[in-house]
Amino acid sequence: MSWLHIMIVMPFIFALLVPFLYKFFTPRIHTGWFVFIVPLVLFLSLLKYIPAIADGKTVHHSVPWMPSLGINYTTYMDGLGLIFGLLITGIGTLVVLYSIYYMSKHRESLHNFYVYLLLFMGAMLGVVFTDNVLVLYVFWEMTSISSFLLIAYWYQRKKSRYGAQKSMLITIFGGLAMLAGFIMLSMITETYSLREMFNQVDVITAHSLFLPAMLLILLGAFTKSAQFPFSIWLPDAMEAPTPISAYLHSATMVKAGIYLVARFTPIFGGNAEWFWTISSIGLITLLYGSINAVKQTDLKALLAYSTISQLGLIMCLLGLGSAALYFGYGDEATVYAAAILAAIFHLINHSTFKGSLFMVVGIIDHETGTRDIRKLGGLMGLMPISFTLTIIGSFAMAGLPPFNGFLSKEMFFTGVLNASQMNIFSMNTFGLLFPTIAWIASVFTFIYCMILLFKTFMGRYQPIKLEKAAHEAPLGMVISPIILASLVILIFFFPNVLSHYLLQPALIAILPIFAQSGGIDVKISAWHGWNTELFMTLGIVGLGTFMYIYLKKWSRVYGLFSQRWTLNAGYDFAIEKMERFSQGFTNRYMTGFIRDYVVYIFAVLIVMIGGSLWLFDGIAMDISNDAPISLYEGGVVVGMIIAAITVLLAKSRLTAIIAVGVLGYLVSMLFVIFRAPDLALTQLVVETVTVALFLLCFYHLPEFRKETVRMRFKLTNLIISIGVGVIVTIIALSANSTRLFEPISSYFENSYDLAGAKNIVNAILVDFRGIDTMLEIFVLCIASLGVYTLIKLRLAGRD
Amino acid sequence: MVELILMSSLFLLILSILLTLYRVIKGPSMPDRVQALDAIGINLLAGVAIFAVLLRTSAFLEIILLIGILSFVGTVAFARFIERGVVIERKPAD
């Protein structure tokens with residue numbers, strides 16, 4: 001166990017303690033204060049790793065978990081993992097601090113809340129610090145499950161349960177696909193370790209499972225990161241408490257997919273399929289999210305769609321940057337690597353400003369009682385701190401100076417502009433699409449940022465529509481967003497500190513081609529001169545402002561798209577149809593009639609056995625070993641056939657019983673002919689008893705059924721019964737014809753010497769194979785006890 | 001000679017079993033069928049006896065006795081059923 005292991009396990013262990021702390025200290029001390037220590041300690045201890053990681057070192061430790069299966073709990077930390085670790089613990093600390101003031105210690109069940117939160121934190125740390133893909137998958141699913149629990153935290157509400165179920169279905173679906181992809185990868189490379197997979201990139205690329213593994217892993221990443229068309233769960237996950245939305249659904253969990261894509265870039269990157277899938281899906285998501293965000297009236301839904309859009313942006317950049325791996329180390333690679341750098345940079349920036357925006361929205365919700373844009377307005381004078389924070393957050397999101405979003409947006413434009421110049425992957429055909437769509441999406445981003453800011457804080461204050469009189473939040477609640485907002489500004493003014501210590505190691509982790517050459521030196525600066533990117537930003541501001549002013553005029557366009565054709569409607573429709581279909585399907589064949597099930601069983605028997613006999617050439621007919629048939633054997637068999645047909649065609653039950661009796665007696669005759677006196681004896685007695693029992697049952701049949709009619713003729717039954725008879729006959733004849741070895745009965749002929757018995761049959765029953773007899777006696781015991789119980793024990797009305 | 005006699009009597013017995021089987025099927029009343037079943041039992045009994053002689057073994061002699069008992073019991077059971085509707089009567093409740 002290394003410190004890295006302990007860090008991952010610590011939240012889990014602490015989660016065990018939370019209920020006790022809650023029980024003993026509520027309501028004196030808010031449980032959140034105890035929980036607050038955990039992410040803080042983790043964050044501070046992660047800070048210690050920064051210098052070593054910046055020097056290009058990596059940390060890895062291994063603890064055996066299932067060594068026989070090659071599954072070891074190996075932790076691994078490089079630049080990429082460190083960034084995510086810092087985000088998880090850092091924002092985790094702030095979110096816990098925020099939740100202490102947000103969640104009431106009197107009304108809420110805080111023990112549940114913090115247990116789920118800590119589970120999530122540990123699972124997320126496990127995802128980013130794990131080297132073993134199967135362990136990664138385990139933590140991945142734990143994030144899904146804890147997110148499910150957190151979304152449905154207010155489980156009394158129907159919408160919470162709906163959102164939780166939806167996110168669960170979608171993310172678990174992707175997680176399972178990802179597991180399949182991981183297994184394919186480990187089949188190719190014969191290892192579960194990520195680092196060892198990186199060494200076998202050539203093997204993986206040449207393998208036929210390359211494409212399926214890639215697509216399946218991407219499916220996992222896209223569902224988790226809410227990429228198009230799997231983005232529908234994220235807006236519904238907004239039913240979670242706001243600290244959770246801020247933490248899971250903006251800063252950490254939705255970036256797990258980003259992490260996965262970045263982590264697997266060294267393996268899959270440099271291929272056209274990877275490049276196109278990720279960058280095009282990312283671009284579509286970017287456009288889809290930003291267009292949808294504009295029409296939202298709920299602040300959290302707006303932020304959810306904006307998160308989707310920004311995640312699409314990051315994903316698109318990761319795809320574009322993967323082209324660097326195609327070229328190998330060189331000038332061209334450096335050009336495209338800038339896209340990766342922009343992706344990581346925007347990842348950090350997004351976490352800071354989106355986290356703070358969610359917290360501000362939570363404050364507004366908390367202090368006014370609503371998140372609806374149509375009810376809010378004119379809060380600027382009443383909530384000055386929140387107003388300032390919103391300015392910082394939304395301007396950063398829109399990509400304006402002097403906030404960090406400006407830098408990453410400029411880098412994003414550089415990335416797409418470089419990509420449009422690319423002459424590989426048939427980019428020269430579609431290349432121009434990238435900057436165009438990115439620019440349009442950025443215009444929409446600008447519009448919804450302005451909506452978020454102005455519709456909430458400007459305009460007329462409408463106290464009648466609000467549940468509470470609006471006022472500024474308590475100090476404790478604004479600490480976390482203030483810290484995040486000051487980071488937003490700090491990163492703008494000192495981006496190169498961040499770049500040197502965090503971005504470059506992460507870049508090397510994603511693009512290992514730069515590792516040998518001592519890394520890549522990228523300077524981020526706010527001012528590039530009058531270049532294309534700056535004009536693009538100016539255009540965005542111009543057009544965005546224009547469109548925002550005339551929002552009322554053109555937003556009616558949204559009404560043109562019917563609600564029936566949205567992705568959500570499609571999801572609901574699919575879920576409903578699937579339930580209906582499976583119900584209908586089950587009702588169709590599960591009729592409740594035993595006769596139908598018997599038909600299935602026998603039909604399967606005929607098809608399977610007959611089919612395999614036919615396929616494997618098992619039908620054999622050999623009469624050389626057969627004994628001659630004597631006249632009386634033939635006569636008895638003819639009698640048996642007649643009796644059997646009588647049973648089938650009998651018009652009354654009594655006739656059938658008598659015919660069964662005849663059949664049984666003739667069978668005993670057959671035993672006599674074949675020299676089996678013991679069998680004949682037993683058969684006679686059993687037959688008589690059975691006939692007597694039939695008579696008993698016959699008496700107890702209900703009155704109205706006594707009008708016995710001829711058995712209903714059914715073609716299916718005829719076919720099935722003849723089929724079974726033919727199959728069994730063929731099997732018997734074939735088995736008799738293919739004698740593979742000598743029978744062992746000569747051994748039992750020594751029964752007098754071995755067991756002191758002259759009767760072989762009885763010697764076998766009680767001596768050679770006595771255990772069978774014992775168990776048969778047991779069967780008879782159970783049967784008689786069962787009959788006795790059924791008759792005597794009548795628990796009517798007590799099921 | 002003895003062999004031939006035994007074989008032919010066996011053949012006749014089987015013939016008579018088949019003929020009584022016709023009575024089992026045809027009916028027309030239920031007692032007819034029960035009678036026929038009883039006759040089949042007796043025919044079987046005789047058949048087993050001839051077999052025992054044919055095979056020169058005494059292993060089948062218990063079967064002869066058993067068929068005698070069982071066909072009696074079976075016929076009585078059927079008779080009771082046809083006469084009274086039940087095989088085993090319960091004591092009338094006091």
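Biologist: Why is A:Gly756 called exposed?

Modeller: In this predicted model, A:Gly756 has a relative accessible area of 53%, and the word exposed is kept for values over 50%, so the residue earns the label. Its place is in the loop between α34 (751-755) and α35 (760-768) of chain A. From A:Val127, which is 629 residues away in sequence, A:Gly756 is 73 Å apart in space, C-alpha to C-alpha.

Biologist: What makes A:Leu649 exposed?

Modeller: The relative accessible area of A:Leu649 is 52%; exposure is assigned over 50%, and therefore A:Leu649 is exposed. This leucine belongs to helix α29 (residues 631-649) of chain A, and 68 Å separate its C-alpha atom from that of A:Thr191, which is 458 residues apart from A:Leu649 along the chain.

Biologist: Then is A:Val497 buried, partly exposed or exposed, and how do you know that?

Modeller: A:Val497, a residue of helix α23 of chain A, has a relative accessible area of 48%. Since buried means under 20% and exposed over 50%, with partly exposed in between, this valine is partly exposed.

Biologist: Which residues keep A:Val497 company in the nonpolar patch on the surface?

Modeller: The patch is formed by A:Leu475, A:Ile479, A:Ile483, A:Leu487, A:Leu490, A:Phe493, A:Phe494, A:Val497 and A:Tyr501, which together have about 850 Å² of accessible area. Patch residues need over 30% relative accessible area, so A:Val497, at 48%, meets that part of the rule. At least two residues of the patch come from each of α22 (475-493) and α23 (495-510) of chain A, and α22(A) gives the most, with 6 residues.

Biologist: How do you know that A:Ala226 is buried or exposed, and where does this alanine lie?

Modeller: A:Ala226 has 0% relative accessibility, and buried means under 20%, so A:Ala226 counts as buried. The residue lies in the loop between α10 and α11 of chain A, and its phi is near 55°, a positive value in a residue other than glycine. A:Pro229 is found in the loop between α10 (210-224) and α11 (233-236), and the peptide bond that leads to A:Pro229 from A:Phe228 is cis, with omega near 0°.

Biologist: What is phi of B:Arg56, and why does B:Arg56 count as exposed?

Modeller: Phi of B:Arg56 is near 50°, again a positive value in a residue other than glycine. B:Arg56 stands at 72% relative accessibility, and values over 50% are called exposed, so that is the class of this arginine. B:Arg56 lies in the loop between α2 and α3 of chain B.

Biologist: What makes up the contact between chain B and chain A, and how many residues does each chain give?

Modeller: Chain B contributes 34 residues and chain A 32. The area buried between the two chains is about 3100 Å², with carbon and sulfur atoms giving 91% of that area. Of the area that chain B buries against chain A, B:Phe51, B:Phe78 and B:Phe81 supply 17%, more than any other three residues. On the side of chain B that touches chain A, the elements giving two or more residues are α1 (2-26), α2 (30-54) and α3 (61-84) of chain B, and α3(B) has the largest share, with 10 residues.

Biologist: How many salt bridges does the rule find across the interface of chain B and chain A?

Modeller: The rule finds 0 salt bridges there, and the count of residue pairs in polar contact, with both at pLDDT 80 or more, is 0 between these chains.

Conventions. Residues are numbered from 1 along each chain as its sequence is written. Chains are lettered from A and ligands numbered from 1 in the order in which they are written. This is a predicted model: local features need pLDDT of at least 70, side-chain atom pairs count only at pLDDT 80 or more; totals for chains, interfaces and linings use all residues. Side-chain values use heavy atoms; hydrogens and water are left out. Helices (H or I, at least four residues) and strands (E, at least two) are DSSP runs, numbered from the N terminus. Buried means under 20% relative accessible area, exposed over 50%, partly exposed in between (1.4 Å probe, protein chains only). Patches are made of residues with over 30% relative accessible area and no salt bridge: like charges are joined within 9 Å, nonpolar side chains (Val, Leu, Ile, Met, Phe, Trp, Tyr) within 5 Å. Accessible areas come from the Shrake-Rupley method with a 1.4 Å probe; for residues, only the protein chains shown count as cover. A salt bridge is a side-chain nitrogen of Lys or Arg within 4 Å of a carboxyl oxygen of Asp or Glu. Contact means heavy atoms within 4.5 Å. Buried area is the accessible area (1.4 Å probe) that two parts lose on being put together, summed over both. A polar contact is a pair of N or O atoms within 3.5 Å; within protein, one must be able to donate a hydrogen and the other to accept it, and residues adjacent in sequence count only if both atoms are side-chain atoms.
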